[in-house]
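Got your viewer ready? Let's take a short walk through this structure, from the whole chain down to a single pair of residues.

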Amino acid sequence: MENQELVKKLTSISGEERVLINELMSKHTSFKIGGPADIMAIPENTVQLEEMVKYFISMKTPYMIMGNGTNLLVSDKGIRGVVVKIYDNLESYSVNDDTLEFEAGMLISRASKIALANSLSGLEFAEGIPGTIGGAVTMNAGAYIGEMSMVVCETDYMGTDGSIIKVCGEEHCFSYRSSIIQKSRGIVLKTRLKLKKEDPVKIKTLMDDFNFKRRDKQPLEWPSAGSVFKRPAGHFVGKLIDDSGLRGFSIGGAQISDKHSGFIINRGNATCSEVLSLIEYIQNTVNQKYNIRLEPEIRIVGDFS
Ligand SMILES: Cc1cc2nc3c(=O)[nH]c(=O)nc-3n(C[C@H](O)[C@H](O)[C@H](O)COP(=O)(O)OP(=O)(O)OC[C@H]3O[C@@H](n4cnc5c(N)ncnc54)[C@H](O)[C@@H]3O)c2cc1C
């Protein structure tokens, strides 16, 4: 009954086709893992997103925001409450000299191509990262020589009380794969990036180089959620796992990639619990050998009751 009221309200905000019931999260995550979300809501624009979230806050309805699901490991039991999926909506952008403004649902790899088209440098590192701008700002995504903290100048996000907060520069409190928005459980609505005018040939060469390295080194042909662990200071995760003799090791359908040991891939029918067992096995083995505790970078979410 409670859920019926909720579905009715969400439908009145965004229309029936944007409210999915018992929606399998495995259909929405790059890992292709995850049981059903009670409800998935897919707002078409920021106005609908704000209205939904304000309703959840007023009704104390549990909810979770997702972008493109490329950094998520979702429980086999799924997610209780509402998952609000931002991708592939909220994608508008504008260009003002050396500043680009993006709504949260824009793919970061597309944003880097828009920067290239405007002869703007600074987002080359993002070519090939499969998430959204909202996910990338929240996670302070980065690769090779860059990360979001180096280009983001201003972000509008929604706080847990429904208010809209603007943060500039250092107020983002960016750190390794984290930000004030992640820590405060806010929702990125839009962000402005300050880039630098550059010769587009140079920009394109760098992007092609990063793309080549990615295709060469990462198991992009298999479902995954990218690098599983955060990089411990002074070490490379892949090397620690390799040197622990774990390259290619698997539990059920979850396998340490033999192309890049920092990735766990889904070989077919991997479950969340198999991936979690493999994560624990890696953590224990590396800890015993090197006295280093690997911390997950991927976000582990859902019902573990
Ligand atoms: C093959 C592959 C390669 C990858 N390479 C890299 C890489 O080089 N560097 C890197 O940093 N990451 C990498 N990733 C991980 C992932 O793409 C990034 O972390 C990305 O920023 C996640 O964006 P998303 O939209 O998919 O977020 P999701 O996976 O949907 O969500 C991730 C987290 O962000 C939150 N979130 C999402 N959108 C919002 C929003 N609008 N407001 C507030 N919170 C939000 C979610 O609640 C969740 O906690 C890779 C992943 C894959 C599969």
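Before we set off, one term: two strands count as paired if DSSP finds at least two bridges between them. Also keep in mind that this is a predicted model.

**Whole chain.** Show the chain as a cartoon and you'll find eight helices and 18 strands. Turn the C-alpha trace along its principal axes, and the chain spans about 55 × 55 × 30 Å. A compact globule of 305 residues would have a radius of gyration near 19 Å; the chain has 20 Å, so the two agree. Colour by burial next: buried residues make up 43% of the 305.

**The five-stranded sheet.** Select β6, β7, β13, β11 and β12, in that order: they form an open sheet with antiparallel pairing. Why do β6 and β12 each have one side without a neighbour in the sheet? Because β6 (93–96) and β12 (164–168) stand at the edges, each has a single partner strand. Look along the sheet and you'll see a twist that averages 15° from one strand to the next.

**One strand pair.** Zoom in on β11, residues 152–158, which runs antiparallel to β12 and is joined to β12 by five bridges. Pick Asp156 here, and opposite it in β12 stands Lys166.

**Around the ligand.** Now select the 33 residues that surround the ligand; the closest are Gly67, Gly131, Gly134, Gly135 and Gly226. Elements that give two or more residues to this shell are β3 (63–66), α4 (133–139), β9 (142–143) and β13 (187–194). Highlight α4 for the largest share, five residues. Coloured by class, the shell shows 17 nonpolar, 15 polar and one charged residues.

Conventions: Residues numbered from 1 in each chain as written. Predicted model: local features only at pLDDT ≥ 70, side-chain atom pairs only at ≥ 80, totals over all residues. Helix = DSSP H or I, 4+ residues; strand = E, 2+ residues; numbered from the N terminus. Axes fitted to C-alpha atoms, helices over the stretch in contact; angles between N-to-C directions. Near = placed C-beta within 6 Å. Nonpolar A, V, L, I, M, F, W, Y, C, P; charged D, E, K, R; others polar. Rg over C-alpha atoms; globule rule 2.2 N^0.38 Å. Buried ≥ 20, exposed ≤ 12 C-beta atoms within 10 Å, placed from the backbone.
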